[in-house]
Amino acid sequence: MGSQAIREWAGINTFAPATQTKLLELLGKLKQENVNTLTILVMGKGGVGKSSIVNSIIGERVVAISPFQSEGPRPVMVSRSRAGFTLNVIDTPGLIEGGYINNMALDIIKSFLLNKTIDVLLYVDRLDVYRVDNLDKLVAKAITDSFGKGIWSKALIALTHAQFSPPDGLPYDEFFSKRSEALLKVIRSGARLKKDDSQDSTIPVVLVENSARCNKNESDEKVLPNGTAWISWLVQTITEVALNRSESIHVDKKLIDGPNPNQSGKLWIPLIFALQYFFVMKPIEGFIKNDIANESRPSWETFE
Ligand code: GDP
Ligand code: MG
């Protein structure tokens, strides 16, 4: 990816010392496995906190966030390096517009990703939602259609707005597991993952609180209501997905175009012309010839 100097991942220094130690340990683990570059693709509906999560991971305000879903139409890749390790995080615009998949946004994302390798898909949604809907299914389907089912072996789900009190006194962890189960179910169905697919049920779900008002523990780490330090948890899960046995997804022209969509259509064209010639043009031609031959001389010709 070019010779451009990549900026130092200075944002790590803004994390609590305990979080920094954990992250550097995880980077060490990746390097030990010869992983020197990690590319994370962030996807999901609009307004769920995709851009916020990118800023949270990088530790700087690198992409614009907005409460009003006025995202730019283009993906943005932010790269940072630390101790010989390069992290790329790709923020994308939301895939839904007016209740449908925004195919133009999807095409722009696909061409942006051409010749890149996705090591991890970070699928973002909110924790504080009570129902799953068809839109989640559509987004999952669009992702499978674009990159193949295999991408789900490299996926994790992050649920934002995790500093939240479940309704009706439901325990936090119980709400989290119910919400994850429901979301995983629609995603699996939208992504067409079957029970026996290896991608099935192995998609990990983590919680995220992007707000500056996130609670902190005594070591100054940002924590969830259940006490978990979420930045470490998120990066740890990203590391596990990156190092799992499944292959990263290399986005090439073939993957984007699918199985020769133009070719299969084009093969029919000569045949259709031939059929048209024999079954439409020929009979018409014959009909006209016949007509001319049979035509009695017009009356004005005989009239002299
Ligand atoms: P995107 O459209 O998916 O990129 O979402 P943004 O990152 O732009 O966030 C949309 C809105 O939700 C912004 O107003 C963010 O401040 C807010 N937001 C995002 N994540 C969180 C979160 O974890 N907690 C809270 N309280 N607000 C969040
Ligand atoms: Mg955004």
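How much space lies in the largest cavity? About 90 Å³ of space lies there, and the sections below describe this cavity together with a pocket and a ligand.

## Basis of the model

This is a predicted model, in which local features need pLDDT of at least 70 and side-chain atom pairs count only at pLDDT 80 or more, while totals for chains, interfaces and linings use all residues. Residues are numbered from 1 along each chain as its sequence is written, ligands are numbered from 1 in the order in which they are written, and side-chain values use heavy atoms, with hydrogens and water left out.

## The cavity

Rolling a probe the size of a water molecule over the atoms shows where empty space is left. On a 1 Å grid over the protein atoms alone, a cavity is a set of points where a 1.4 Å probe fits but cannot get out, whereas a pocket is an open set with protein on both sides within 12 Å along at least five of seven lines, and lining residues have an atom within 4 Å of a point. A volume is the space filled by probe spheres set on the points, which are joined across faces, edges and corners.

The structure holds one cavity of 30 Å³ or more. Among the residues that line the largest cavity are Trp 9, Leu 26, Ile 40, Phe 85 and Thr 239, and by class this lining has 11 nonpolar residues, one polar and no charged ones. Here Ala, Val, Leu, Ile, Met, Phe, Trp, Tyr, Cys and Pro count as nonpolar, Asp, Glu, Lys and Arg as charged, and the others, Gly among them, as polar.

## The largest pocket

The largest pocket contains about 980 Å³ of space and is lined by 42 residues, with Ser 51, Ser 52, Asn 55, Ile 65 and Asn 210 nearest its centre. Its lining divides into 11 nonpolar, 18 polar and 13 charged residues.

## Ligand 1

Ligand 1 sits in the largest pocket, a statement that requires more than half of its atoms to lie within 2 Å of the pocket's grid points. Around ligand 1 there are 18 residues, the closest being Gly 47, Lys 50, Ser 52, Glu 209 and Asn 210, where a residue is near if one of its heavy atoms lies within 4 Å.

An oxygen atom of ligand 1 is 2.9 Å from an N or O atom in the side chain of Ser 51, and a backbone N or O atom of His 161 also lies 2.9 Å from an oxygen atom of the ligand.

Note on methods
A polar contact is a pair of N or O atoms within 3.5 Å; within protein, one must be able to donate a hydrogen and the other to accept it, and residues adjacent in sequence count only if both atoms are side-chain atoms.
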